[in-house]
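Biologist: Could you take me through one part of this protein slowly, as if I were new to all this? I'd like a close look at one helix and whatever it touches.

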Amino acid sequence: MSVHDDLTSVQRCLDDLFRTVGRLEQEFGGGLEMRRVRTDADHLRESVALLREAAPTLVPARRPDLVHIPDTPYDSALWTDSDDEGLGGRDRRAP
């Protein structure tokens with residue numbers, strides 16, 4: 001899904017939320033709890049509107065370039081002075 005599809009989906013859900021909040025307000029009245037729910041829903045609507053405005057400027061994350069790792073074995077000279085993990089050096093014994 002694209003960003004615009006996601007924002008459209010969120011907008012539809014917010015529209016459903018507003019309709020439901022309106023029905024709840026008619027049933028319960030406009031008490032403190034309902035005002036808080038209405039305010040929170042308004043904040044969500046404003047936030048989505050800001051995201052819609054910023055959406056054209058949002059750039060999708062660029063995937064890093066792939067690094068090709070050859071199948072040929074590495075030069076064994078690379079490992080001459082290395083330690084085997086957990087076993088120590090080649091010329092030393094583990095305690």
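Modeller: Let's start with a bit of vocabulary: the expected span of a helix is 1.5 Å times one less than its number of residues. Keep in mind, too, that this is a predicted model. Now to our helix, α2, which runs over residues 32-54 and has 23 residues. From its first C-alpha to its last, α2 reaches 33 Å, close to the 33 Å expected.

For some background, the protein chain has two helices and zero strands. Just 11% of its 95 residues count as buried. In α2, the buried residues are M34, A41 and V48. What covers them? Helix α1, residues 3-28, is included in that cover.

Next, the charged side chains. As a rule, side chains of opposite charge can pair when their charged atoms come close. Here there are three salt bridges, and we can go through them one at a time.

Take R45 to begin with. Its side chain meets that of D15 in a salt bridge, at 3.3 Å from N to O. That pair links distant parts of the chain, with D15 in helix α1 and R45 in helix α2, 30 residues apart. Are these two buried or exposed? Somewhere in between: D15 has 27% relative accessibility and counts as partly exposed, and R45, at 32%, counts as partly exposed too. R45 has another partner as well, since its charged end sits over the ring of F18, 3.7 Å from the ring's centre. If you were hoping for aromatic pairs, though, the structure holds zero of them.

Now look at R38, whose side chain forms a salt bridge with that of E25 at 2.7 Å, N to O. R38 lies in helix α2 and E25 in helix α1, so this pair ties together parts that are 13 residues apart in sequence. E25 counts as partly exposed, at 25% relative accessibility.

The remaining bridge joins R19 and D16, at 2.1 Å from N to O. Both sit in helix α1, three residues apart, so they are separated by about one helical turn. R19 is partly exposed with a relative accessible area of 47%, and D16 is partly exposed with 39%.

Putting the picture of α2 together: α1 helps cover its buried residues, R45 meets D15 in a salt bridge, and R38 does likewise with E25. Zooming out to the protein chain, residues 24 or more positions apart account for 54% of the contacts with a separation of 6 or more.

How values were computed
Residues numbered from 1 in each chain as written. Predicted model: local features only at pLDDT ≥ 70, side-chain atom pairs only at ≥ 80, totals over all residues. Heavy atoms only, no water. Phe/Tyr/Trp six-rings, centres within 6.5 Å; stacked < 30°, edge-to-face > 60°. Lys NZ or Arg CZ within 6 Å of the ring centre and 35° of its normal. Helix = DSSP H or I, 4+ residues; strand = E, 2+ residues; numbered from the N terminus. Buried < 20%, exposed > 50% of the residue type's maximum accessible area, 1.4 Å probe, protein only. Contact = heavy atoms within 4.5 Å. Salt bridge = Lys/Arg side-chain N within 4 Å of Asp/Glu carboxyl O.
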